[in-house]
Amino acid sequence: MTDTARRPTRAGLVAELERERLEFERAGRSRKRIDLPLLSYWLKGRDQLLPGSKKNRLPSQEDCEVIARALSQKAPHTARELPAIGMEIADLARRLKETAGPGWRDEVLACLAPATVAAATHADPETHTVTVEPRRKWKGWQFAAVTAIALGLTTGTMALRSGASEGDGASGGDAAQAADLKGDHRCGRTRAVGAVSWKPCTILDKDSLSFVVQLTNSSTRATTVKVRIAYVQAGAAHDCPAPWGTAQDVTIPAGATRTSPLDGCATPVVPAQAFQAKAFVAEENASAWGFREYSPTVHIQADGRRLWADKA
């Protein structure tokens, strides 16, 4: 959560957002207000689409950019991630509205909470379509989009929650995230598989580099995913040793964060070469890996200096 020592509290973040909004107003510009109840609503992640949740507006691209500016000093990594997440949510919401009309959120509910609509749902094994009353047929890509927006909400929430674990370090709720990634490191964009958000990271030590994946489970029960880690050296992809380089099952307890071991995938530092982590995470029984993600690149100079791509 944002209410953790040394993190921007929800009230503090809202105060900064309101300060900027008033500055905009004095300059003759306007933007929508983000108050404490709305911010708390967004921090529910995909749960804001489930039964019993008030249908407030979803975070827009502008909202994510505004929050990113407010977090830029205390959580620069999160500030860089949030605008892209906002674009993804806005694009998926637009596509879903075009496909399903104003009631698209009810269709999302049908996907996220199948038990609540099981009696009204019928699968066709031949066409691989599903009919959800009132008898609208959704093809595979449409269900993928429905699921993706929920995952985008979860990913955006996790980015906002984990933001203040950067910099001075955090204590309490999410301290394990910062504690597991000590030293000189960079992590890539946060992605999500179900309720598990994940990101690949490269950790640079004196004589070696470690390539890891950090996974956070935002659900209320333990979740198992499978992980595969590789790395890129001087432009060439390299597989890590088994099991992390093939398919390692990882079970993350409810609300917990887990990071793969440093020695699960490591290589010596080599001058005049560049390195970055490459990772895949998929559902436990998935037949394909889906998206891959990379960490930022670290360039090892001929004289031994280390230069991260985001600092170039």
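**Exercise 1. Classify Ala272 by accessibility and describe its backbone**.

Solution. Step 1: in this predicted model, Ala272 has a relative accessible area of 56%. Step 2: the cut-off for exposed is over 50%, so Ala272 is exposed. Step 3: Ala272 sits in the loop between strand 12 and strand 13 (273-283). Step 4: its phi is near 60 degrees, a positive value in a residue other than glycine. Step 5: most residues other than glycine have a negative phi.

**Exercise 2. Find where Ala234 lies, and decide whether it is buried or exposed**.

Solution. Step 1: Ala234 belongs to the loop between strand 8 and strand 9. Step 2: the relative accessibility of Ala234 is 52%. Exposed requires over 50%, so Ala234 counts as exposed. Step 3: Ala234 is not a glycine, yet it has a positive phi of about 55 degrees.

**Exercise 3. Identify the peptide bond between Ala242 and Pro243 as cis or trans**.

Solution. Step 1: omega for the bond joining Ala242 and Pro243 is about 5 degrees. Step 2: the bond is cis. Step 3: most peptide bonds are trans. Step 4: Pro243 is found in the loop between strand 9 and strand 10.

**Exercise 4. State how many disulfides the structure holds, and work out how the bonded cysteines pair**.

Solution. Step 1: there are two disulfides. Step 2: one of them is formed by Cys187 and Cys201, with sulfur atoms 2.0 Å apart. This pair links distant parts of the chain, with Cys187 in strand 4 (residues 184-187) and Cys201 in strand 6 (residues 196-204), 14 residues apart. Step 3: Cys240 and Cys265 form a disulfide, with a distance of 1.7 Å between their sulfur atoms. This pair also links distant parts of the chain, 25 residues apart. Cys240 is in the loop between strand 9 (236-239) and strand 10 (248-252), and Cys265 in the loop between strand 11 (257-259) and strand 12 (266-268). Step 4: with the bonded cysteines numbered in sequence order, the pairing is 1-2, 3-4.

**Exercise 5. Give the handedness of each disulfide and the burial of its cysteines**.

Solution. Step 1: the angle about the S-S bond of Cys187 and Cys201 is 105 degrees, and the link is right-handed. Step 2: Cys187 and Cys201 are both buried. Step 3: for Cys240 and Cys265 the angle is -45 degrees, and the link is left-handed. Step 4: buried means under 20% relative accessible area. Cys240 has 6% relative accessibility and therefore counts as buried. Cys265 has a relative accessible area of 0%, so Cys265 is buried.

**Exercise 6. Compile the distances and accessibilities for three of the salt bridges**.

Solution. Step 1: the structure holds 13 salt bridges. Step 2: in the bridge of Asp63 with Arg57, the closest N and O atoms are 2.4 Å apart. Asp63 is buried, with a relative accessible area of 3%, whereas Arg57 counts as partly exposed at 24% relative accessibility. Step 3: Arg228 and Asp239 meet in a salt bridge at 3.8 Å, N to O. This pair links distant parts of the chain, with Arg228 in strand 8 (residues 223-233) and Asp239 in strand 9, 11 residues apart. Arg228 counts as partly exposed at 23% relative accessibility, while Asp239 is exposed, with a relative accessible area of 56%. Step 4: the side chains of Arg305 and Asp303 form a salt bridge at 2.8 Å, N to O. Arg305 and Asp303 are both exposed. Step 5: salt bridges with shared partners join Glu18, Arg21, Glu25 and Arg33 into one network.

**Exercise 7. Determine which side chain of opposite charge is nearest to Lys226, and describe the surroundings of Lys226**.

Solution. Step 1: Lys226 lies in strand 8 and is buried. Step 2: the nearest side chain of opposite charge is that of Asp249, 6.8 Å away. Step 3: a salt bridge needs the nitrogen and oxygen within 4 Å, and Lys226 has no salt bridge. Step 4: a polar atom of the Lys226 side chain lies 2.7 Å from the backbone oxygen of Ala286. Step 5: leaving aside residues up to four places away in sequence, Lys226 touches several residues, including Gln248, Asp249, Phe280, Glu283, Ala286 and Trp289.

Key. Residues are numbered from 1 along each chain as its sequence is written. This is a predicted model: local features need pLDDT of at least 70, side-chain atom pairs count only at pLDDT 80 or more; totals for chains, interfaces and linings use all residues. Side-chain values use heavy atoms; hydrogens and water are left out. A disulfide is a pair of cysteine sulfur atoms within 2.5 Å. Helices (H or I, at least four residues) and strands (E, at least two) are DSSP runs, numbered from the N terminus. Buried means under 20% relative accessible area, exposed over 50%, partly exposed in between (1.4 Å probe, protein chains only). Lys and Arg count as positive and Asp and Glu as negative; His and the chain ends are not counted. A polar contact is a pair of N or O atoms within 3.5 Å; within protein, one must be able to donate a hydrogen and the other to accept it, and residues adjacent in sequence count only if both atoms are side-chain atoms. Contact means heavy atoms within 4.5 Å.
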